Amino acid sequence: MSETKKIDVNSLYATLLREIENDTVQEVDPKLYHNIAEFLGNIKNHDYDGIESKITESLVKMINEMTTLLLKIRIEKATSLDDIDYSNLLDEERFVLDSEDEMRQRKDTVLSATLNGRLKLLETVGENHRARSIVVRFLKPIDQIMGTDLQSYGPFDAEDVATLPFENALSLISKKVAIKVSWED
C-alpha cells in the first residue's frame with residue numbers, strides 16, 4: 001500500500017477483519033501503528049466531560065483491544081512457519097520478531113553445544129552473558145560499588161543513569177535500588 005491514510009475505528013476494524021479472514025499476513029498501510037498512536041494521542045489530549053468522557057474511554061478501550069489483537073494475529077501468522085515470514089510485516093512487527101528469531105538461534109546454539117559436547121562454547125556463552133552490561137536508572141542514592149569486572153562505579157544519586165555489569169545491575173534491581181532502562185524509555 002503506497003498511500004498513507006488517517007486511521008479511524010472503522011478502518012481499523014476493516015484492517016483487523018481482513019487480517020482475521022486471511023491465512024497470510026496482509027499488506028497494510030506502512031504507517032498503521034504510527035497512525036493509531038497519533039489517533040489515540042489526539043483523543044487522549046482532549047478534555048472531555050460527562051457522557052463525552054465515557055464515550056471517549058470506550059473508544060480508546062476498543063481501539064486498544066483491536067490493535068492488540070491485530071498485532072498478535074500478524075505476529076502469530078508470521079511465526080507459524082519454521083522460518084519467519086517477513087513479507088508484508090511492518091517495521092514495528094519486525095522489531096518484535098527480531099528478538100524471537102535471535103532467541104531461536106540462541107536456543108539452537110545451546111542445544112547443539114550441549115548435545116555435541118562442546119564445553120568451550122557453553123562456557124563462552126555463559127561468560128559473554130555474564131559480561132554484558134545493563135543500563136539502569138537509580139531510584140535512590142547509593143555509594144560507590146565495585147563491579148564484577150573489578151571497576152569502580154558511582155557514587156550515584158536518585159535518577160542517575162549508568163551502565164553496569166550484568167550481575168551488579170541485577171543485584172541492584174532486585175533490591176529495588178535501580179530499575180532497568182530499555183532503549184525506548
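**A friendly note on this predicted model**

1. Let us begin in helix 2, which spans residues 32-44 and includes A37. Please keep in mind throughout that the model is predicted. A37 has a relative accessible area of 48%, so it is partly exposed, given that the exposed class begins over 50%. Along the chain, A37 and E93 are 56 residues apart, and their C-alpha atoms are separated by 15 Å.

2. Just before helix 2 you will meet K31. This residue sits in the loop between helix 1 (9-21) and helix 2. With a relative accessible area of 39%, K31 is partly exposed. A second pair to look at is K31 and I7: their C-alpha atoms are separated by 9.7 Å, with their positions 24 residues apart along the chain.

3. Next come the helix pairs. In general, two packed helices are described by the angle between their axes and by the distance between those axes. For helix 3 (residues 50-78) and helix 4 (residues 91-115), the axes come within 11 Å and cross at roughly 55°. That angle makes helix 3 oblique to helix 4, because it falls neither under 35 degrees nor in the range from 65 to 115. The crossing of helix 3 and helix 4 is right-handed.

4. Which residues make the contact between helix 3 and helix 4? From helix 3 they are L71, R74, I75 and A78, and from helix 4 they are E93, V96 and L97. Sorted by class, this contact of helix 3 with helix 4 has 5 nonpolar residues, 2 charged ones and no polar ones. You may recognise E93 from the first point, where its C-alpha atom was paired with that of A37 at 15 Å.

5. Helix 4 also packs with helix 5 (residues 119-131). Here the angle is about 145° and the axes are 8 Å apart. On the helix 4 side you will find T109, V110, A113 and T114, which meet L121, L122 and V125 of helix 5. By class, the contact of helix 4 with helix 5 comprises 5 nonpolar and 2 polar residues, with no charged residue.

6. Now for the sheet. Strands of a sheet pair through backbone hydrogen bonds, in either a parallel or an antiparallel sense. In this model, an open sheet of 3 strands is arranged in the order 4-1-5, with antiparallel pairing. Strand 4 and strand 5 are the edge strands, each pairing on one side only. From one strand to the next, the twist averages 45°.

7. Strand 1 (residues 133-138) deserves a slower look. How many bridges link strand 1 with strand 4 (residues 161-165)? There are 5, in the antiparallel sense. Between strand 1 and strand 5 (residues 178-180), which also run antiparallel, there are 3 bridges. R137 is a handy residue to follow here, with V161 as its bridge partner in strand 4 and I179 as its bridge partner in strand 5. V136, for its part, stands opposite A162 of strand 4.

8. The two faces of strand 1 are also worth a look. I134, V136 and F138 form the covered face, while S133, V135 and R137 form the uncovered one. This places the two residues followed above on opposite faces: V136 on the covered face and R137 on the uncovered one.

9. A helix joins this picture too. Which strands does helix 6 (residues 166-174) touch as it packs on the sheet? It touches strand 1, strand 4 and strand 5, and its direction makes about 120° with that of strand 4.

10. Finally, some backbone details in the loops. The peptide bond from G154 to P155 is cis, with omega near 5°, and P155 belongs to the loop between strand 3 (152-153) and strand 4. L150 has a positive phi, near 65°, though it is a residue other than glycine. This residue lies in the loop between strand 2 (145-146) and strand 3. Is L150 buried or exposed? Its relative accessibility is 68%, so L150 counts as exposed.

11. K176 is another non-glycine residue with a positive phi, of about 60°. You will find K176 in the loop between helix 6 and strand 5. The relative accessibility of K176 is 59%, and therefore this residue counts as exposed.

Definitions and conventions:
Residues are numbered from 1 along each chain as its sequence is written. This is a predicted model: local features need pLDDT of at least 70, side-chain atom pairs count only at pLDDT 80 or more; totals for chains, interfaces and linings use all residues. Side-chain values use heavy atoms; hydrogens and water are left out. Helices (H or I, at least four residues) and strands (E, at least two) are DSSP runs, numbered from the N terminus. Buried means under 20% relative accessible area, exposed over 50%, partly exposed in between (1.4 Å probe, protein chains only). Axes are lines fitted to C-alpha atoms, for helices over the stretch in contact, and angles run from 0 to 180 degrees between N-to-C directions. Angles under 35 degrees count as roughly parallel, over 145 as roughly antiparallel, 65 to 115 as roughly perpendicular and the rest as oblique. A crossing is left-handed if the near helix is turned anticlockwise from the far one by less than a right angle, and right-handed if clockwise. Contact means heavy atoms within 4.5 Å. Ala, Val, Leu, Ile, Met, Phe, Trp, Tyr, Cys and Pro count as nonpolar, Asp, Glu, Lys and Arg as charged, and the others, Gly among them, as polar. Two strands pair if DSSP finds at least two bridges between them.
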